[in-house]
Amino acid sequence: MSRKRKRNAKLYLLYILIAAIQTLARILTWRTAGRIGEWVGGISFMILPRFRRMTLDNITVGYPENLSRDRQTKLALDSFKNMGRCFMETIKLSGMSEKAIREKVDVREFESTVAGSFRNGRSIM
């Protein structure tokens, strides 16, 4: 099998996996959806070497204090897991009512944090 076919097959399998997870996410609890998201992030870390290398390269540039390779790998894996969790939470939020979302999110705390950061001349992420 050619390299391009292998890559396309991996991407197609990933697409099928994501479509199935999106369907399940709507019926799962918030906590279970988050855990599955972390699992998907971990699997993505293993099956997407190009993005894994890119993440590791970015960590090397972003943390010039020469972290050990094990620490870099742990940060990269945790990053993928967090992206997976955020992905699942976004799917969950898209199917929730405004009332249910307000029970999960404290907008006042966010607004005060943003206002405080700008007052102190700091940016936030």
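# A guided tour from the surface patch to the cores

Begin by selecting Tyr12, Tyr15 and Ile16, which form a nonpolar patch on the surface and together have about 360 Å² of accessible area. Within this patch, Tyr15 is a good residue to click on, since Tyr15 lies in helix α1 and is exposed, with a relative accessible area of 55%. Please keep in mind throughout the tour that this is a predicted model.

**The whole chain**

Now zoom out and colour the model by secondary structure, which will show six helices and zero strands, so that reading along the sequence gives the pattern α-α-α-α-α-α. The protein has 125 residues, and buried residues make up 20% of them. If you turn on a surface display, the accessible surface of the protein comes to about 9,700 Å², and 58% of that surface belongs to carbon and sulfur atoms. Among contacts between residues at least 6 apart in sequence, 69% join residues that are at least 24 apart.

**The largest nonpolar core**

Hide the surface again and select Ile21, Ala25, Ala33, Val40, Met88 and Ile91, the six residues of the largest nonpolar core. Helices α1 (3–25), α2 (30–47) and α4 (69–94) each supply at least two residues of this core. In soluble globular proteins, nonpolar side chains tend to be buried together. To look at one member in detail, centre the view on Ile21 and display what surrounds it: leaving aside neighbours within four places in sequence, Ile21 is in contact with Ile36, Val40 and Met88.

**The second core and its aromatic pair**

There is also a second, separate core of five residues, and the ones to select here include Phe45, Leu56, Ala76 and Phe80. Keep Phe45 and Phe80 on the screen and show their rings, for the structure holds two aromatic pairs, and in the pair made by Phe45 and Phe80 the ring centres are 5.3 Å apart with the planes at 80°, so this pair is edge-to-face. Phe45 lies in helix α2 and Phe80 in helix α4, and the pair therefore ties together parts that are 35 residues apart in sequence. Are these two rings buried or exposed? Phe45 is buried, with a relative accessible area of 8%, and Phe80 is likewise buried, with a relative accessible area of 6%.

Staying in helix α4, move on to Gln72, which has its place in that helix and counts as buried at 8% relative accessibility. When neighbours within four places in sequence are left aside, Gln72 is in contact with Leu56, Ile59, Thr60 and Leu67, and Leu56 is also one of the residues of the second core.

**The salt bridges**

The last part of the tour turns to charged side chains, and here the structure holds four salt bridges. Side chains of opposite charge can pair when their charged atoms come close. Select Glu38 and Arg85, which form a salt bridge whose closest N and O atoms are 2.8 Å apart. Glu38 lies in helix α2 and Arg85 in helix α4, so this pair ties together parts that are 47 residues apart in sequence. Both partners are partly exposed, Glu38 at 30% relative accessibility and Arg85 at 21%.

Next, select Asp78 and Lys74, where the salt bridge again has its closest N and O atoms 2.8 Å apart. Here both residues lie in helix α4, four residues apart, which is about one turn of the helix. Asp78 counts as partly exposed at 32% relative accessibility, and Lys74 is partly exposed too, with a relative accessible area of 44%.

Then go to helix α5 (residues 98–104), where Glu98 and Arg102 both lie, four residues apart and about one turn of the helix from each other. The two form a salt bridge, with the closest N and O atoms 3.0 Å apart. Are its partners buried or exposed? Glu98 is exposed, with a relative accessible area of 55%, and Arg102 counts as exposed at 55% relative accessibility.

For a final selection, return to Glu38 and Arg85 and add Glu89 to them, because salt bridges that share partners join Glu38, Arg85 and Glu89 into one network.

Key. Residues are numbered from 1 along each chain as its sequence is written. This is a predicted model: local features need pLDDT of at least 70, side-chain atom pairs count only at pLDDT 80 or more; totals for chains, interfaces and linings use all residues. Side-chain values use heavy atoms; hydrogens and water are left out. A nonpolar core is a set of buried Ala, Val, Leu, Ile, Met, Phe, Trp, Tyr and Cys residues joined through side-chain atoms within 4.5 Å. Buried means under 20% relative accessible area, exposed over 50%, partly exposed in between (1.4 Å probe, protein chains only). Contact means heavy atoms within 4.5 Å. Patches are made of residues with over 30% relative accessible area and no salt bridge: like charges are joined within 9 Å, nonpolar side chains (Val, Leu, Ile, Met, Phe, Trp, Tyr) within 5 Å. Accessible areas come from the Shrake-Rupley method with a 1.4 Å probe; for residues, only the protein chains shown count as cover. Rings of Phe, Tyr and Trp (its six-membered ring) pair if their centres lie within 6.5 Å; planes under 30 degrees apart count as stacked, over 60 as edge-to-face and the rest as tilted.
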